[in-house]
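Colleague: I'm new to this. Could you walk me through a structure and tell me how you know what you say about it?

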Amino acid sequence: MSSIGTGYDLSASTFSPDGRVFQVEYAMKAVENSSTAIGIRCKDGVVFGVEKLVLSKLYEAGSNKRIFNIDRHVGMAVAGLLADARSLSEVAREEASNFRSNYGHDIPLKHLSERVAMYVHAYTLYSAVRPFGCSFILGSYDEDDGPQLYMVDPSGISYGYWGCAIGKAKQAAKTEIEKLQMKEMTCRELVKEVAKIIYIVHDEVKDKTFELELSWVGEVTKGRHELVPKDIKEEAEKYAKESLEEEDDSDEDNM
Amino acid sequence: MSEELLAEPGWLSEEVKTGTTIIAVTFDGGVVLGSDSRVSAGESVVNRVMNKLSPLHDKIYCALSGSAADAQTIAEIVNYQLDVHSIEVEDDPLVCSAATLVKNISYKYKEELSAHLIVAGWDRKEGGQVYATLSGLLTKQPFAIGGSGSFYINGFVDAEFRKNMTKKETQEFVVNALALAMGRDGSSGGVAYVVTIDKDGTEEKCILGNELPKFFDQ
(Lines give C-alpha, C1' and ligand atoms only; values in the text may rest on other atoms or scores of the structure.)
Protein backbone atom coordinates (compact mmCIF):
# COMPACT_ATOMS: atom_id res chain seq x y z
CA MET A 1 0.00 0.00 0.00
CA SER A 2 1.13 3.58 -0.38
CA SER A 3 2.66 5.60 2.45
CA ILE A 4 0.63 6.17 5.60
CA GLY A 5 0.47 9.66 7.08
CA THR A 6 1.19 8.65 10.65
CA GLY A 7 -0.37 11.48 12.55
CA TYR A 8 -0.31 14.19 9.87
CA ASP A 9 -3.30 12.77 8.08
CA LEU A 10 -6.03 13.21 10.64
CA SER A 11 -7.42 16.50 9.37
CA ALA A 12 -7.31 18.64 6.27
CA SER A 13 -5.97 21.54 8.29
CA THR A 14 -2.60 19.82 8.82
CA PHE A 15 0.42 19.75 6.51
CA SER A 16 2.86 16.86 6.66
CA PRO A 17 6.57 17.64 7.09
CA ASP A 18 7.11 17.04 3.37
CA GLY A 19 4.42 19.57 2.46
CA ARG A 20 1.47 17.30 1.65
CA VAL A 21 -2.13 17.49 2.80
CA PHE A 22 -2.92 13.81 3.20
CA GLN A 23 -6.67 14.20 3.54
CA VAL A 24 -6.83 15.65 0.04
CA GLU A 25 -4.70 12.80 -1.30
CA TYR A 26 -6.95 10.26 0.39
CA ALA A 27 -9.94 11.97 -1.21
CA MET A 28 -8.28 11.42 -4.59
CA LYS A 29 -7.92 7.74 -3.71
CA ALA A 30 -11.69 7.59 -3.33
CA VAL A 31 -11.93 8.79 -6.92
CA GLU A 32 -9.46 6.15 -8.07
CA ASN A 33 -11.62 3.42 -6.55
CA SER A 34 -14.59 4.43 -8.65
CA SER A 35 -15.25 3.26 -12.19
CA THR A 36 -13.99 5.29 -15.11
CA ALA A 37 -15.46 8.40 -16.69
CA ILE A 38 -14.03 10.14 -19.74
CA GLY A 39 -14.70 13.38 -21.56
CA ILE A 40 -13.33 14.30 -24.99
CA ARG A 41 -13.56 17.59 -26.86
CA CYS A 42 -13.67 17.52 -30.63
CA LYS A 43 -14.07 19.95 -33.47
CA ASP A 44 -17.75 20.68 -32.90
CA GLY A 45 -18.65 19.46 -29.43
CA VAL A 46 -17.89 17.42 -26.30
CA VAL A 47 -18.73 13.75 -25.63
CA PHE A 48 -18.88 12.11 -22.19
CA GLY A 49 -18.68 8.37 -21.52
CA VAL A 50 -19.09 6.69 -18.13
CA GLU A 51 -18.53 3.04 -17.21
CA LYS A 52 -21.33 2.60 -14.67
CA LEU A 53 -20.78 -0.65 -12.77
CA VAL A 54 -23.99 -2.49 -11.96
CA LEU A 55 -23.58 -3.86 -8.47
CA SER A 56 -26.82 -5.80 -8.34
CA LYS A 57 -29.26 -7.33 -10.80
CA LEU A 58 -32.04 -5.82 -8.72
CA TYR A 59 -31.18 -2.26 -9.75
CA GLU A 60 -33.52 -0.60 -12.22
CA ALA A 61 -31.77 0.10 -15.52
CA GLY A 62 -30.64 3.71 -15.73
CA SER A 63 -30.60 4.36 -11.97
CA ASN A 64 -27.71 6.10 -10.19
CA LYS A 65 -26.85 8.26 -13.17
CA ARG A 66 -23.35 9.63 -13.25
CA ILE A 67 -23.89 12.26 -15.89
CA PHE A 68 -25.74 15.40 -14.83
CA ASN A 69 -27.16 18.43 -16.59
CA ILE A 70 -25.96 21.62 -14.97
CA ASP A 71 -27.56 24.12 -17.29
CA ARG A 72 -29.02 23.79 -20.75
CA HIS A 73 -25.59 23.99 -22.30
CA VAL A 74 -23.40 22.31 -19.64
CA GLY A 75 -22.95 18.64 -18.79
CA MET A 76 -21.06 17.05 -15.90
CA ALA A 77 -19.63 13.51 -15.68
CA VAL A 78 -18.42 12.36 -12.25
CA ALA A 79 -16.23 9.75 -10.58
CA GLY A 80 -15.86 9.05 -6.88
CA LEU A 81 -18.39 9.18 -4.06
CA LEU A 82 -21.70 9.61 -5.85
CA ALA A 83 -23.39 11.44 -2.97
CA ASP A 84 -20.59 14.03 -2.90
CA ALA A 85 -20.91 14.40 -6.65
CA ARG A 86 -24.66 14.96 -6.46
CA SER A 87 -24.19 17.68 -3.87
CA LEU A 88 -21.60 19.39 -6.07
CA SER A 89 -23.89 19.17 -9.09
CA GLU A 90 -26.45 21.15 -7.08
CA VAL A 91 -23.76 23.74 -6.28
CA ALA A 92 -22.87 23.99 -9.95
CA ARG A 93 -26.54 24.35 -10.91
CA GLU A 94 -26.99 27.18 -8.45
CA GLU A 95 -23.90 28.97 -9.73
CA ALA A 96 -25.10 28.69 -13.32
CA SER A 97 -28.60 29.80 -12.39
CA ASN A 98 -27.43 32.80 -10.36
CA PHE A 99 -25.12 33.87 -13.16
CA ARG A 100 -27.96 33.79 -15.64
CA SER A 101 -30.15 35.72 -13.22
CA ASN A 102 -27.54 38.42 -12.64
CA TYR A 103 -26.00 38.77 -16.07
CA GLY A 104 -28.68 37.65 -18.48
CA HIS A 105 -26.75 35.02 -20.45
CA ASP A 106 -25.28 31.48 -20.29
CA ILE A 107 -22.40 31.10 -17.85
CA PRO A 108 -19.01 30.68 -19.59
CA LEU A 109 -17.67 27.22 -18.74
CA LYS A 110 -14.28 28.43 -17.54
CA HIS A 111 -15.96 30.71 -15.03
CA LEU A 112 -18.32 27.96 -13.84
CA SER A 113 -15.52 25.47 -13.34
CA GLU A 114 -13.47 28.06 -11.44
CA ARG A 115 -16.40 28.87 -9.16
CA VAL A 116 -17.14 25.21 -8.37
CA ALA A 117 -13.42 24.50 -7.96
CA MET A 118 -13.25 27.37 -5.44
CA TYR A 119 -16.10 25.73 -3.52
CA VAL A 120 -14.38 22.33 -3.55
CA HIS A 121 -11.14 23.95 -2.42
CA ALA A 122 -12.85 25.60 0.56
CA TYR A 123 -13.54 22.14 1.97
CA THR A 124 -9.81 21.34 1.96
CA LEU A 125 -8.98 24.10 4.43
CA TYR A 126 -10.72 23.10 7.68
CA SER A 127 -10.64 20.26 10.11
CA ALA A 128 -14.36 20.48 10.76
CA VAL A 129 -15.26 19.17 7.32
CA ARG A 130 -13.81 16.61 4.96
CA PRO A 131 -12.82 17.22 1.33
CA PHE A 132 -15.20 16.11 -1.41
CA GLY A 133 -14.39 12.59 -2.57
CA CYS A 134 -15.14 13.10 -6.24
CA SER A 135 -13.67 14.50 -9.44
CA PHE A 136 -15.81 15.72 -12.25
CA ILE A 137 -15.57 16.76 -15.86
CA LEU A 138 -17.59 19.70 -17.17
CA GLY A 139 -18.30 20.24 -20.84
CA SER A 140 -20.20 22.75 -22.93
CA TYR A 141 -20.60 24.05 -26.46
CA ASP A 142 -21.17 27.62 -27.58
CA GLU A 143 -21.41 29.02 -31.09
CA ASP A 144 -18.85 31.74 -30.45
CA ASP A 145 -16.37 30.04 -28.13
CA GLY A 146 -16.77 26.48 -29.47
CA PRO A 147 -16.53 23.34 -27.33
CA GLN A 148 -14.97 23.57 -23.86
CA LEU A 149 -13.90 20.85 -21.43
CA TYR A 150 -12.74 21.33 -17.81
CA MET A 151 -11.91 18.90 -15.04
CA VAL A 152 -12.02 19.59 -11.28
CA ASP A 153 -10.38 17.32 -8.72
CA PRO A 154 -10.77 17.10 -4.90
CA SER A 155 -7.91 19.52 -4.30
CA GLY A 156 -9.98 22.25 -5.92
CA ILE A 157 -8.01 22.93 -9.09
CA SER A 158 -9.64 23.15 -12.49
CA TYR A 159 -7.84 22.43 -15.75
CA GLY A 160 -8.97 22.82 -19.36
CA TYR A 161 -8.53 19.77 -21.57
CA TRP A 162 -8.97 18.32 -25.03
CA GLY A 163 -9.50 14.92 -23.44
CA CYS A 164 -9.40 13.61 -19.88
CA ALA A 165 -10.22 10.55 -17.83
CA ILE A 166 -10.98 10.00 -14.14
CA GLY A 167 -11.52 6.86 -12.08
CA LYS A 168 -9.82 3.49 -11.77
CA ALA A 169 -8.76 2.98 -15.39
CA LYS A 170 -7.79 6.57 -16.07
CA GLN A 171 -4.23 5.72 -17.16
CA ALA A 172 -5.39 3.14 -19.69
CA ALA A 173 -8.13 5.48 -20.87
CA LYS A 174 -5.68 8.38 -21.27
CA THR A 175 -3.44 6.18 -23.43
CA GLU A 176 -6.37 5.39 -25.69
CA ILE A 177 -7.51 9.02 -25.79
CA GLU A 178 -4.04 10.19 -26.83
CA LYS A 179 -4.25 7.95 -29.90
CA LEU A 180 -7.23 9.91 -31.21
CA GLN A 181 -7.03 12.93 -33.51
CA MET A 182 -9.85 14.62 -31.66
CA LYS A 183 -9.35 18.09 -33.10
CA GLU A 184 -10.38 16.81 -36.52
CA MET A 185 -13.26 14.58 -35.48
CA THR A 186 -16.94 15.42 -35.31
CA CYS A 187 -19.22 14.42 -32.43
CA ARG A 188 -20.82 11.61 -34.42
CA GLU A 189 -17.45 9.97 -35.06
CA LEU A 190 -16.31 10.63 -31.49
CA VAL A 191 -19.32 8.96 -29.86
CA LYS A 192 -18.24 5.61 -31.30
CA GLU A 193 -14.64 6.09 -30.17
CA VAL A 194 -15.72 7.04 -26.63
CA ALA A 195 -17.87 3.90 -26.38
CA LYS A 196 -14.93 1.84 -27.64
CA ILE A 197 -12.56 3.30 -25.03
CA ILE A 198 -14.94 2.53 -22.19
CA TYR A 199 -15.32 -1.04 -23.41
CA ILE A 200 -11.54 -1.39 -23.73
CA VAL A 201 -10.74 -0.16 -20.22
CA HIS A 202 -13.51 -2.15 -18.56
CA ASP A 203 -12.02 -5.01 -16.59
CA GLU A 204 -14.09 -8.15 -17.31
CA VAL A 205 -12.39 -10.17 -14.59
CA LYS A 206 -12.57 -7.86 -11.58
CA ASP A 207 -15.83 -6.05 -12.33
CA LYS A 208 -19.01 -7.62 -13.52
CA THR A 209 -21.59 -6.12 -15.75
CA PHE A 210 -21.65 -2.45 -16.53
CA GLU A 211 -23.94 0.06 -18.18
CA LEU A 212 -22.48 2.58 -20.59
CA GLU A 213 -23.70 6.14 -20.10
CA LEU A 214 -23.12 8.38 -23.10
CA SER A 215 -23.93 12.05 -23.46
CA TRP A 216 -22.94 14.87 -25.74
CA VAL A 217 -23.22 18.60 -26.32
CA GLY A 218 -22.30 20.32 -29.54
CA GLU A 219 -23.40 21.60 -32.88
CA VAL A 220 -25.27 18.32 -33.40
CA THR A 221 -27.47 19.12 -30.37
CA LYS A 222 -27.59 22.86 -31.10
CA GLY A 223 -25.66 23.59 -27.93
CA ARG A 224 -27.87 21.65 -25.52
CA HIS A 225 -26.39 18.91 -23.33
CA GLU A 226 -28.32 15.66 -23.85
CA LEU A 227 -27.99 11.91 -23.44
CA VAL A 228 -27.01 10.36 -26.76
CA PRO A 229 -30.17 9.08 -28.53
CA LYS A 230 -30.87 5.36 -28.20
CA ASP A 231 -30.21 4.42 -31.85
CA ILE A 232 -26.87 6.26 -32.03
CA LYS A 233 -25.86 4.75 -28.68
CA GLU A 234 -26.67 1.24 -29.87
CA GLU A 235 -24.64 1.80 -33.03
CA ALA A 236 -21.72 3.05 -30.92
CA GLU A 237 -21.87 0.07 -28.57
CA LYS A 238 -22.02 -2.32 -31.53
CA TYR A 239 -18.90 -0.65 -32.99
CA ALA A 240 -17.18 -0.89 -29.59
CA LYS A 241 -17.95 -4.61 -29.18
CA GLU A 242 -16.87 -5.41 -32.73
CA SER A 243 -13.59 -3.53 -32.26
CA LEU A 244 -12.87 -5.53 -29.12
CA GLU A 245 -13.52 -8.81 -30.92
CA GLU A 246 -11.19 -7.80 -33.75
CA GLU A 247 -8.43 -7.13 -31.28
CA ASP A 248 -9.03 -10.48 -29.61
CA ASP A 249 -8.91 -12.20 -33.00
CA SER A 250 -5.65 -10.47 -33.95
CA ASP A 251 -4.15 -11.66 -30.64
CA GLU A 252 -4.99 -15.27 -31.54
CA ASP A 253 -3.35 -14.96 -34.96
CA ASN A 254 -0.08 -13.95 -33.36
CA MET A 255 0.14 -17.32 -31.62
CA MET B 1 -47.37 90.43 -2.44
CA SER B 2 -46.69 88.45 0.73
CA GLU B 3 -46.92 85.12 -1.18
CA GLU B 4 -44.14 86.20 -3.55
CA LEU B 5 -41.83 87.11 -0.68
CA LEU B 6 -42.41 83.70 0.90
CA ALA B 7 -41.91 81.70 -2.35
CA GLU B 8 -38.64 79.77 -2.45
CA PRO B 9 -36.62 79.24 -5.60
CA GLY B 10 -37.24 75.78 -7.07
CA TRP B 11 -33.72 74.53 -6.46
CA LEU B 12 -34.22 74.71 -2.68
CA SER B 13 -37.17 72.37 -2.52
CA GLU B 14 -37.81 70.54 -5.78
CA GLU B 15 -36.24 67.19 -6.54
CA VAL B 16 -33.45 67.49 -9.05
CA LYS B 17 -34.61 65.83 -12.25
CA THR B 18 -32.84 65.36 -15.49
CA GLY B 19 -35.79 66.62 -17.56
CA THR B 20 -34.03 65.29 -20.56
CA THR B 21 -34.03 63.90 -23.97
CA ILE B 22 -32.02 60.71 -24.43
CA ILE B 23 -31.70 58.48 -27.46
CA ALA B 24 -29.67 55.42 -28.47
CA VAL B 25 -29.61 53.93 -31.99
CA THR B 26 -27.95 50.83 -33.44
CA PHE B 27 -26.25 50.89 -36.81
CA ASP B 28 -24.38 48.32 -38.80
CA GLY B 29 -21.32 47.81 -36.61
CA GLY B 30 -22.14 49.73 -33.43
CA VAL B 31 -24.35 52.19 -31.59
CA VAL B 32 -24.74 55.96 -31.23
CA LEU B 33 -26.03 57.48 -27.99
CA GLY B 34 -27.18 61.06 -27.61
CA SER B 35 -28.44 63.32 -24.82
CA ASP B 36 -29.16 66.92 -23.98
CA SER B 37 -27.50 68.64 -21.00
CA ARG B 38 -30.22 70.35 -18.93
CA VAL B 39 -30.77 69.46 -15.26
CA SER B 40 -33.79 71.13 -13.69
CA ALA B 41 -35.17 71.52 -10.15
CA GLY B 42 -38.70 72.70 -10.71
CA GLU B 43 -38.42 75.84 -12.86
CA SER B 44 -34.70 76.43 -12.25
CA VAL B 45 -31.96 75.02 -14.42
CA VAL B 46 -29.37 73.87 -11.89
CA ASN B 47 -26.87 72.57 -14.46
CA ARG B 48 -26.91 73.49 -18.15
CA VAL B 49 -23.95 71.37 -19.24
CA MET B 50 -24.40 67.96 -17.62
CA ASN B 51 -23.23 64.94 -19.59
CA LYS B 52 -25.98 62.36 -19.24
CA LEU B 53 -24.11 59.68 -21.15
CA SER B 54 -22.32 57.68 -18.47
CA PRO B 55 -19.75 54.94 -19.13
CA LEU B 56 -20.48 51.49 -17.69
CA HIS B 57 -17.45 49.93 -19.35
CA ASP B 58 -15.06 50.66 -22.22
CA LYS B 59 -17.61 49.90 -24.91
CA ILE B 60 -20.88 50.09 -22.94
CA TYR B 61 -22.56 53.39 -22.05
CA CYS B 62 -25.88 54.29 -20.51
CA ALA B 63 -28.09 57.34 -20.94
CA LEU B 64 -29.61 58.78 -17.74
CA SER B 65 -33.09 60.23 -17.26
CA GLY B 66 -35.55 60.76 -14.41
CA SER B 67 -34.18 61.63 -10.97
CA ALA B 68 -30.55 62.72 -11.43
CA ALA B 69 -29.35 61.19 -8.17
CA ASP B 70 -31.09 57.85 -8.73
CA ALA B 71 -29.84 57.51 -12.29
CA GLN B 72 -26.26 58.45 -11.46
CA THR B 73 -26.16 56.07 -8.52
CA ILE B 74 -27.45 53.14 -10.58
CA ALA B 75 -24.85 53.89 -13.24
CA GLU B 76 -22.02 54.00 -10.68
CA ILE B 77 -23.09 50.75 -9.03
CA VAL B 78 -23.35 48.92 -12.35
CA ASN B 79 -19.99 50.35 -13.44
CA TYR B 80 -18.44 48.77 -10.35
CA GLN B 81 -20.25 45.45 -10.81
CA LEU B 82 -19.17 45.24 -14.45
CA ASP B 83 -15.55 45.92 -13.47
CA VAL B 84 -15.60 42.98 -11.06
CA HIS B 85 -17.48 40.79 -13.53
CA SER B 86 -15.10 41.43 -16.43
CA ILE B 87 -12.11 40.55 -14.22
CA GLU B 88 -13.80 37.32 -13.06
CA VAL B 89 -14.69 36.09 -16.54
CA GLU B 90 -11.43 37.42 -17.99
CA ASP B 91 -13.21 39.02 -20.91
CA ASP B 92 -15.05 42.21 -21.89
CA PRO B 93 -18.62 42.14 -20.57
CA LEU B 94 -21.59 41.66 -22.88
CA VAL B 95 -24.03 44.52 -23.35
CA CYS B 96 -26.86 42.25 -22.18
CA SER B 97 -24.97 41.67 -18.91
CA ALA B 98 -24.78 45.41 -18.30
CA ALA B 99 -28.44 45.82 -19.17
CA THR B 100 -29.45 42.92 -16.90
CA LEU B 101 -27.51 44.42 -13.99
CA VAL B 102 -29.26 47.78 -14.50
CA LYS B 103 -32.61 46.04 -14.81
CA ASN B 104 -32.08 44.04 -11.61
CA ILE B 105 -31.48 47.21 -9.57
CA SER B 106 -34.28 49.14 -11.26
CA TYR B 107 -36.75 46.33 -10.65
CA LYS B 108 -35.74 45.46 -7.08
CA TYR B 109 -35.99 49.07 -5.93
CA LYS B 110 -38.70 50.21 -8.28
CA GLU B 111 -40.81 51.68 -5.47
CA GLU B 112 -37.95 53.83 -4.20
CA LEU B 113 -36.27 54.82 -7.45
CA SER B 114 -37.45 56.96 -10.29
CA ALA B 115 -34.96 56.64 -13.11
CA HIS B 116 -34.93 55.27 -16.62
CA LEU B 117 -31.62 54.23 -18.12
CA ILE B 118 -31.05 53.25 -21.73
CA VAL B 119 -28.06 50.86 -21.98
CA ALA B 120 -26.22 50.69 -25.28
CA GLY B 121 -22.86 49.39 -26.46
CA TRP B 122 -20.86 46.99 -28.59
CA ASP B 123 -19.63 43.48 -27.78
CA ARG B 124 -17.94 40.87 -29.95
CA LYS B 125 -20.82 38.38 -29.81
CA GLU B 126 -23.80 40.46 -30.91
CA GLY B 127 -22.26 43.71 -32.14
CA GLY B 128 -24.13 46.94 -31.46
CA GLN B 129 -27.17 46.65 -29.16
CA VAL B 130 -29.61 48.98 -27.40
CA TYR B 131 -31.60 47.94 -24.31
CA ALA B 132 -34.40 49.89 -22.62
CA THR B 133 -34.74 49.31 -18.85
CA LEU B 134 -37.74 51.44 -17.87
CA SER B 135 -38.70 50.69 -14.23
CA GLY B 136 -37.28 47.19 -14.31
CA LEU B 137 -38.34 46.06 -17.76
CA LEU B 138 -35.66 44.81 -20.16
CA THR B 139 -36.10 44.87 -23.92
CA LYS B 140 -33.62 44.86 -26.75
CA GLN B 141 -34.57 47.34 -29.45
CA PRO B 142 -33.10 48.71 -32.69
CA PHE B 143 -33.31 52.16 -31.08
CA ALA B 144 -34.75 53.70 -27.91
CA ILE B 145 -35.70 57.19 -26.74
CA GLY B 146 -36.43 58.42 -23.24
CA GLY B 147 -36.98 61.42 -21.01
CA SER B 148 -39.56 64.18 -21.11
CA GLY B 149 -38.32 65.47 -24.47
CA SER B 150 -38.78 62.09 -26.13
CA PHE B 151 -42.55 62.52 -26.33
CA TYR B 152 -42.10 65.31 -28.87
CA ILE B 153 -40.02 63.22 -31.24
CA ASN B 154 -41.79 59.85 -31.22
CA GLY B 155 -43.28 60.54 -34.64
CA PHE B 156 -39.99 61.81 -36.02
CA VAL B 157 -37.93 58.78 -34.97
CA ASP B 158 -40.58 56.28 -36.07
CA ALA B 159 -40.73 57.88 -39.52
CA GLU B 160 -37.03 58.50 -40.06
CA PHE B 161 -35.30 55.45 -38.55
CA ARG B 162 -33.89 52.85 -40.94
CA LYS B 163 -32.01 49.67 -40.05
CA ASN B 164 -28.31 49.39 -40.94
CA MET B 165 -27.61 53.06 -41.56
CA THR B 166 -23.99 54.11 -41.83
CA LYS B 167 -22.22 55.56 -38.81
CA LYS B 168 -22.46 59.10 -40.18
CA GLU B 169 -26.16 58.79 -41.05
CA THR B 170 -26.89 57.50 -37.56
CA GLN B 171 -24.99 60.34 -35.91
CA GLU B 172 -26.99 62.84 -38.01
CA PHE B 173 -30.22 61.08 -37.10
CA VAL B 174 -29.40 61.31 -33.38
CA VAL B 175 -28.39 64.99 -33.55
CA ASN B 176 -31.53 65.89 -35.49
CA ALA B 177 -33.73 64.08 -33.00
CA LEU B 178 -32.07 65.83 -30.06
CA ALA B 179 -32.30 69.26 -31.70
CA LEU B 180 -36.01 68.84 -32.40
CA ALA B 181 -36.78 67.67 -28.86
CA MET B 182 -34.65 70.35 -27.23
CA GLY B 183 -36.47 72.93 -29.32
CA ARG B 184 -39.91 71.99 -27.95
CA ASP B 185 -39.35 70.53 -24.45
CA GLY B 186 -38.87 73.09 -21.69
CA SER B 187 -36.97 70.57 -19.60
CA SER B 188 -34.42 69.76 -22.32
CA GLY B 189 -31.78 72.07 -23.69
CA GLY B 190 -28.20 73.23 -23.54
CA VAL B 191 -25.67 71.29 -25.59
CA ALA B 192 -25.91 67.88 -27.22
CA TYR B 193 -23.58 65.07 -26.20
CA VAL B 194 -23.06 62.26 -28.72
CA VAL B 195 -21.16 59.02 -28.06
CA THR B 196 -20.37 56.58 -30.88
CA ILE B 197 -19.26 53.02 -30.01
CA ASP B 198 -18.01 50.40 -32.47
CA LYS B 199 -15.44 47.63 -32.59
CA ASP B 200 -12.59 50.13 -32.92
CA GLY B 201 -13.44 52.16 -29.85
CA THR B 202 -15.53 54.89 -28.27
CA GLU B 203 -15.79 58.49 -29.47
CA GLU B 204 -17.34 61.28 -27.38
CA LYS B 205 -18.45 64.51 -28.96
CA CYS B 206 -20.13 67.67 -27.69
CA ILE B 207 -22.18 69.86 -30.04
CA LEU B 208 -22.75 73.39 -28.78
CA GLY B 209 -26.18 75.00 -28.90
CA ASN B 210 -25.48 77.29 -31.84
CA GLU B 211 -24.03 74.40 -33.89
CA LEU B 212 -27.15 72.25 -33.62
CA PRO B 213 -29.24 71.86 -36.78
CA LYS B 214 -32.01 74.42 -37.12
CA PHE B 215 -35.50 73.56 -38.21
CA PHE B 216 -38.53 75.86 -38.70
CA ASP B 217 -37.43 78.15 -35.90
CA GLN B 218 -35.58 80.95 -37.73
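Modeller: Sure, and one term first: contact means heavy atoms within 4.5 Å. Keep in mind that this is a predicted model.

Colleague: What do the buried residues of H4(B) pack against?
Modeller: They pack against helix H2 (82–103) of chain A, along with elements of chain B: strands S6 (53–57), S7 (60–67), S8 (115–123) and S9 (127–132), and helix H3 (68–89).

Colleague: What makes H4(B) mostly covered?
Modeller: Buried means under 20% relative accessible area. In H4(B), 10 of its 14 residues are buried, among them Val95(B), Cys96(B), Leu101(B) and Ile105(B).

Colleague: How do you know what span is expected for H4(B)?
Modeller: The expected span is 1.5 Å times one less than the number of residues. Helix H4 (residues 95–108) of chain B has 14 residues, with 20 Å expected, and its first and last C-alpha atoms are 20 Å apart, so the span is close to what's expected.

Colleague: Now the sheet. Why are S11(B) and S13(B) called edge strands?
Modeller: The open sheet has five strands in the order S11-S2-S3-S12-S13 (chain B), paired antiparallel. Strand S11 (143–146) and strand S13 (201–207) each pair on one side only, so they're the edges.

Colleague: How do you know that S2(B) and S11(B) pair?
Modeller: Pairing takes at least two bridges. Strand S2 (residues 22–27) and S11(B) have four bridges, so they count as a pair, in the antiparallel sense. Ala24(B) stands opposite Ala144(B) in S11(B).

Colleague: Which helix lies across S2, S3, S12 and S13 of chain B?
Modeller: Helix H6 (residues 167–184) of chain B, running at about 160 degrees to S2(B).

Methods. Residues are numbered from 1 along each chain as its sequence is written. Chains are lettered from A and ligands numbered from 1 in the order in which they are written. This is a predicted model: local features need pLDDT of at least 70, side-chain atom pairs count only at pLDDT 80 or more; totals for chains, interfaces and linings use all residues. Side-chain values use heavy atoms; hydrogens and water are left out. Helices (H or I, at least four residues) and strands (E, at least two) are DSSP runs, numbered from the N terminus. Axes are lines fitted to C-alpha atoms, for helices over the stretch in contact, and angles run from 0 to 180 degrees between N-to-C directions. Buried means under 20% relative accessible area, exposed over 50%, partly exposed in between (1.4 Å probe, protein chains only).
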